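Let us read one protein model together, a feature at a time. Keep the viewer open as the questions come.

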Amino acid sequence: MDAIDQKIILALKENGRRKASDISQEIHLSVSSVIERIRKLEANGIIRSYTIIMDDAKIGNDLTVLMEVSLEHPRFTEQFVAYVRKNPYIVSCYYLTGEFDYMLKICCHSSRDLEEIHREIKQQEGVRLTKTHYVLSTEKNDFSSMPVFPPCD
């Protein structure tokens, strides 16, 4: 990945629907070269998908929480992660260092929904401890501003 690839990625991060012709004008490269580079970035797994970022409150998910989860033993990891991947209310899951093993971001409609989700999580085999943090407001959620770094060798 070189500086031109980084410029293409930055352009797509700002708007994943940008036309190759617009990007080519911005970075002074032919349209066909931009398309070819995008295809290579996709083929190499650098660009994994194109998606949208929704406003959770506007679609009825007024409640967002961050839940720390600690497992009794690493042997429960695979089963727990499989559950997390299937649960549509768990929108992010991070494997952590420290006292807790995972941080989950959960978006749902109400505290009643959260209670049910929390109960399900606590019932997963191997879950030892949870700690839930209610999100009062989101001060920053801007994926387009994340820096693009070349891969480490």
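Q: How much of its area does Arg119 expose, and what label does that earn?
A: Arg119 has a relative accessible area of 38%, so it is partly exposed. Buried means under 20% relative accessible area, exposed means over 50%, and partly exposed lies in between (1.4 Å probe, protein chains only).

Q: What kind of model is this, and how are residues numbered?
A: This is a predicted model, where local features need pLDDT of at least 70, side-chain atom pairs count only at pLDDT 80 or more, and totals for chains, interfaces and linings use all residues. Residues are numbered from 1 along each chain as its sequence is written, and side-chain values use heavy atoms, with hydrogens and water left out.

Q: Which partners does Arg119 have in salt bridges?
A: Start with the general idea. Side chains of opposite charge can pair when their charged atoms come close. A salt bridge here is a side-chain nitrogen of Lys or Arg within 4 Å of a carboxyl oxygen of Asp or Glu. Arg119 pairs with Glu115, with the closest N and O atoms 3.1 Å apart. Arg119 also pairs with Glu116, at 3.0 Å between the closest N and O atoms.

Q: Where do Glu115 and Arg119 sit along the helix?
A: Both belong to helix H5 (residues 111-123). They are four residues apart, so about one helical turn separates them. Glu116 and Arg119 are three residues apart in helix H5, again about one helical turn. Helices (H or I, at least four residues) and strands (E, at least two) are DSSP runs, numbered from the N terminus.

Q: Are Glu115 and Glu116 buried or exposed?
A: Glu115 is partly exposed, at 47% relative accessibility. Glu116 is partly exposed too, with 39%.

Q: Which salt bridge links distant parts of the chain?
A: Look at Arg37 and Asp5, whose closest N and O atoms are 2.8 Å apart. Arg37 is in helix H3 (residues 31-43) and Asp5 is in helix H1 (residues 3-14), 32 residues apart. Arg37 is partly exposed at 22% relative accessibility. Asp5 counts as buried at 11%.

Q: How many salt bridges are there by this rule?
A: The count comes to six.

Q: What is unusual to look for in backbone angles?
A: Most residues other than glycine have a negative phi, and most peptide bonds are trans. Now check His28. His28 is not a glycine, yet its phi is positive, about 60 degrees. His28 lies in the loop between helix H2 (20-27) and H3. At 72% relative accessibility, His28 is exposed.

Q: What pattern does the protein chain follow along the sequence?
A: The pattern is α-α-α-β-α-β-β-α-β. That gives five helices and four strands.

Q: How does the radius of gyration of the protein chain read against a compact globule?
A: The radius is taken over C-alpha atoms, and the globule rule is 2.2 Å times the number of residues to the power 0.38. A compact globule of 153 residues would come near 15 Å, but the protein chain has 20 Å. Its C-alpha atoms fill a box of roughly 55 × 40 × 25 Å along the principal axes.

Q: What share of the residues is buried?
A: Buried residues make up 29% of the 153 in the protein chain.
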